[in-house]
Amino acid sequence: CNIAVLVSGRGSNLQSIIDNIESGYIRNASINVVVSDVHDAYALERARDRAIDAIFINPSEHGSKKDYEKYLIGILEEYSIDLILLAGYMRLLGNSFIRRYKNRIMNIHPSLLPSFKGLDAQKQALEYGVKVSGCTVHFVDEGMDSGPIILQQSVRVLENDTVESLSERILEQEHVIYPEAVKLFVEGKLKVQGRIVLTRNYER
Ligand code: GRF
């Protein structure tokens, strides 16, 4: 399975996928390319450090979103990509891109969806006063953080939590369930039926 990871920042989720491929937890898969829309994203360094091709696409050099995504698709085709992972990628993908890679784009979001979609999910959760939050891996559809849910992990919200402390506790679980979801995909164990994702023959 040829994987592309799209990033915009720190890249800790990218790192967790790299580590789980290197350790053999995820087999028969490789990250062939990492693409960032931010030129100094630390994620690019993490990729280069592991000898993975790391490409910066400058959105301002591509007139429209369509042109930008055309260029991106060109890269994905060049690398024969089967699975696209969004890992802190801060741009919404267009409908035609999403349709082209239907059920082959995953995202990780730091809340238990469908609660707290969009930006600052951990802050939204704290301000709402929920006692439990968590993270979600889902397939990307045309909406924002609305696609079929693959895996979720809950995390307790503590009374003295700050955005930072809650984010950190959620992030630890992101680094567990994202590799797990990728492993399931690579092993052909995910079956999407409308909104519902079934995981077949799977034991932890
Ligand atoms: C994570 O919190 C992820 O859930 C969200 O963006 C953040 C990315 O972190 N989509 P990193 O770049 O993977 O460290």
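**Domain contact and ligand shell**

In the predicted model, 18 residues of domain 1 are in contact with 15 residues of domain 2. The domain assignment of the protein places domain 1 at residues 1–101 and domain 2 at residues 107–204. Taken over C-alpha atoms, the centres of domain 1 and domain 2 are separated by 19 Å. On the side of domain 1 that touches domain 2, two or more residues are given by each of α1, β4 (83–86) and α4 (95–100). Helix α1 provides the largest share of this side, namely five residues. In terms of residue class, the side of domain 1 that touches domain 2 consists of twelve nonpolar and six polar residues, with no charged residues.

Both domains also take part in the surroundings of the ligand: domain 1 (1–101) and domain 2 (107–204) each contribute at least three residues to the shell. The residues around the ligand comprise Gly 9, Arg 10, Gly 11, Ser 12, Asn 13, Ala 87 and Gly 88, together with Ile 108, His 109, Pro 110, Leu 171 and Glu 174. At least two residues of the shell are supplied by each of α1 (12–22), β5 (105–109) and α6 (163–186). Helix α1 is thus an element of the ligand shell and also of the side of domain 1 that touches domain 2. Classified by residue type, the shell around the ligand contains six polar, four nonpolar and two charged residues.

Helix α6, one of the elements that supply the shell, also packs with helix α5 (residues 121–128) at an angle of about 120°, and the axes of the two helices lie 9 Å apart. The crossing in which α5 passes α6 is right-handed. From α5, the contact is made by Gln 122, Lys 123 and Leu 126, and from α6 by Val 163, Leu 166, Ser 167 and Ile 170. By class, four nonpolar, two polar and one charged residues form the contact of α5 with α6.

With respect to annotation, an unreviewed UniProt entry lists residues 2–182 as "domain: Formyl transferase N-terminal". Over residues 2–182, the chain is 37% helix and 23% strand. The end C-alpha atoms of residues 2–182 are 11 Å apart.

Note on methods
Residues numbered from 1 in each chain as written. Predicted model: local features only at pLDDT ≥ 70, side-chain atom pairs only at ≥ 80, totals over all residues. Near = placed C-beta within 6 Å. Helix = DSSP H or I, 4+ residues; strand = E, 2+ residues; numbered from the N terminus. Nonpolar A, V, L, I, M, F, W, Y, C, P; charged D, E, K, R; others polar. Domains from an automatic or database assignment. Axes fitted to C-alpha atoms, helices over the stretch in contact; angles between N-to-C directions. Left-handed = near helix turned anticlockwise from the far one by under 90°. Contact = placed C-beta atoms within 7 Å. UniProt positions renumbered as here; feature names shortened; annotations may be inferred.
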